[in-house]
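Biologist: Let us walk through this model step by step. Where should we begin?

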Amino acid sequence: MTKGLEIRLASRPKGWPTTDNFDVVEVDVDVEEGPATAIIILRSRMPTFAEFPLLLTWDEISGWAVRVEISGDGDTTPLSYLGEEILPPPVRVRRYLWDSLVGRYPGTLRPRPLRHLDAADDLERRLARFG
């Protein structure tokens with residue numbers, strides 16, 4: 001699943017910055033315990049939080065979020081949530097991240113539950129596209 005997630009995140013419309021602008025350090029995907037999650041650690045930094053590591057995260061309840069690591073222990077705090085459908089098109093996620101990096105502050109400040117944990121829907125099938 002990890003490789004597909006990275007490839008989809010890397011896809012971009014003509015004229016957009018290259019994936020080097022996001023400089024992915026590490027990707028961690030967990031679908032075994034609790035809600036399914038993906039954590040993408042980036043070398044890029046937010047302009048207003050340049051001293052904190054930046055993360056793009058996803059979970060099966062709230063979808064995508066931009067976070068910063070606030071301690072050396074891995075504790076994070078969200079800066080915003082995309083707040084749209086649970087699996088928006090990759091180009092939309094890329095735009096959300098890019099807008100965050102350039103200080104446009106997209107998304108919402110509070111998570112919006114987009115689905116229930118283990119809901120009887122087609123999320124697993126949709127996630128399989130990234131595997």
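Modeller: With a term. A nonpolar core is a set of buried Ala, Val, Leu, Ile, Met, Phe, Trp, Tyr and Cys residues joined through side-chain atoms within 4.5 Å. Buried means under 20% relative accessible area, exposed over 50%, partly exposed in between (1.4 Å probe, protein chains only).

Biologist: What kind of model is this, and which cut-offs apply?

Modeller: Residues are numbered from 1 along each chain as its sequence is written, and side-chain values use heavy atoms, with hydrogens and water left out. The model is predicted: totals for chains, interfaces and linings use all residues, local features need pLDDT of at least 70, and side-chain atom pairs count only at pLDDT 80 or more.

Biologist: In what order do the elements of the protein run?

Modeller: Helices (H or I, at least four residues) and strands (E, at least two) are DSSP runs, numbered from the N terminus. The protein has 3 helices and 5 strands. From the N terminus on, the order is α-β-β-β-β-β-α-α.

Biologist: What is the strand order in the open sheet?

Modeller: Two strands pair if DSSP finds at least two bridges between them. E1 (residues 24–30) and E2 are joined antiparallel by 6 bridges. E2 has 6 bridges to E3 (residues 54–59), again antiparallel, and E3 has 6 to E4. E4 (residues 63–69) and E5 (residues 76–81) share 5 bridges, and the order is E1-E2-E3-E4-E5.

Biologist: Which strands stand at the edges?

Modeller: The sheet is open, with 5 strands in antiparallel pairing. A strand with a single partner has one side left without a neighbour in the sheet, so it is an edge; these strands are E1 and E5.

Biologist: By how many degrees are neighbouring strands turned against each other on average?

Modeller: Axes are lines fitted to C-alpha atoms, for helices over the stretch in contact, and angles run from 0 to 180 degrees between N-to-C directions. For this sheet, direction is ignored, and the average is 25°.

Biologist: Which residue of E2 stands opposite valine 29?

Modeller: Follow E2 (residues 37–42), where side chains alternate. Thr37, Ile39 and Ile41 point to one face and are not buried, while Ala38, Ile40 and Leu42 point to the other and are buried. Isoleucine 39 stands opposite threonine 57 in E3. The partner of valine 29 is alanine 38.

Biologist: In the turn between E4 and E5, which glycine has a positive phi?

Modeller: Compare two hairpins. E1 and E2 have 6 residues between them, and glycine 34 has a positive phi near 65°. E4 and E5 also have 6 residues between them, and the positive phi of about 95° belongs to glycine 74.

Biologist: Which element gives the largest share of the largest nonpolar core?

Modeller: This core has 22 residues, and those with the most contacts inside it (heavy atoms within 4.5 Å) are Leu54, Leu56, Trp58, Trp64, Val66 and Leu97. The elements giving two or more residues are E2, E3, E4, H2 and helix H3 (123–128). The largest share is 4 residues, from H2.

Biologist: How far apart are the end C-alpha atoms of H2?

Modeller: Helix H2 (residues 90–101) lies across E2, E3, E4 and E5, at about 30° to E4. Its buried residues include Val93, Tyr96 and Leu97. The expected span of a helix is 1.5 Å times one less than its number of residues. With 12 residues, H2 should span 16 Å, which agrees with its end-to-end distance of 17 Å.

Biologist: Which residue other than glycine has a positive phi near 50°?

Modeller: Just after H2, glycine 103 has a positive phi of about 85°. The residue you want is in the loop between H2 and H3. It is partly exposed, with a relative accessible area of 47%. Its name is tyrosine 105.

Biologist: What percentage of the residues of the protein count as buried?

Modeller: Take long-range contacts first: residues 24 or more positions apart account for 49% of the contacts with a separation of 6 or more. The protein has 131 residues, and the buried part is 37%.
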